[in-house]
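Student: Could you take me through one part of this model in close detail? I'd like to see how it sits with whatever is around it.

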Amino acid sequence: MGFIFSKSMNENLKNQQEFMLMNARLQLERQLLMQNEMRERQMAMQIAWSREFLKYFGTFFGIATISLTAGAIKRKKPAFLFPIVPLSFIFTYQYDLGYGTLLQRMKGEAEDILETEKTKLQLPKGIITFDSLEKARRDQSSFFIDK
């Protein structure tokens, strides 16, 4: 009788462990999906911000270019054209970020860094552990009573 009861308990325990493992896996998958969704939304906001900024900066750049060119022609001083050079770099960068391939190139460079330059990504003193966090928490907490 005890053997049958023990066998049933072992089987129930095994089933419960499998269920817990499946549940933990499902929860992890949901967390990963949620984090990816948040990342995608943040990137979309960054691209949208860049495109919106480009509209305003493009207007400023156009007016400044026309004004500086007219001033250079009217006063016969080509020095008025020099501010157009740095402004054109800013305009080109913003256009590339909003409508070009800058993000794809940055992604490719980041993947290359992850593959070939891992040492540059390491944290000082290594990866944070539970023990190091707990020690820091105890050091900062005036309410913690060590038994």
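Student: Which residues does UniProt list for "transmembrane region"?

Tutor: Residues 53–73, according to the UniProt record, and that entry is unreviewed. Keep in mind that what you're looking at is a predicted model. Over that stretch the chain is 100% helix with 0% strand, and the C-alpha atoms at its two ends lie 30 Å apart.

Now for the packing. The largest nonpolar core is built from six residues, namely Phe57, Phe61, Ala64, Leu68, Ile84 and Leu87. Helices H1 and H2 each put in at least two of these core residues, with H1 giving the largest share, four residues.

So what about the other helix? H2 covers residues 84–99, which makes 16 residues. From first C-alpha to last, H2 reaches 21 Å, close to the 22 Å expected at 1.5 Å a residue. Ile84 and Leu87 are among the buried residues of H2, and the list also takes in Gln94, Asp96, Leu97 and Gly98. In other words, the buried set of H2 includes Gln94 and Asp96 as well as the core members Ile84 and Leu87.

For contrast, go back along H1, which spans residues 2–75 and is where Met20 sits. Met20 counts as exposed because its relative accessibility is 51%, and the cut-off for exposed is over 50%. Together with Phe19 and Met22, Met20 makes a nonpolar surface patch of about 360 Å².

Key:
Residues numbered from 1 in each chain as written. Predicted model: local features only at pLDDT ≥ 70, side-chain atom pairs only at ≥ 80, totals over all residues. Heavy atoms only, no water. Patch = residues over 30% accessible without salt bridge, like charges linked within 9 Å, V, L, I, M, F, W, Y side chains within 5 Å. Areas by Shrake-Rupley, 256 points an atom, 1.4 Å probe, with all protein chains shown as cover. Salt bridge = Lys/Arg side-chain N within 4 Å of Asp/Glu carboxyl O. Buried < 20%, exposed > 50% of the residue type's maximum accessible area, 1.4 Å probe, protein only. Expected span 1.5 Å × (residues − 1). Core = buried A, V, L, I, M, F, W, Y, C linked by side-chain atoms within 4.5 Å. UniProt positions renumbered as here; feature names shortened; annotations may be inferred.
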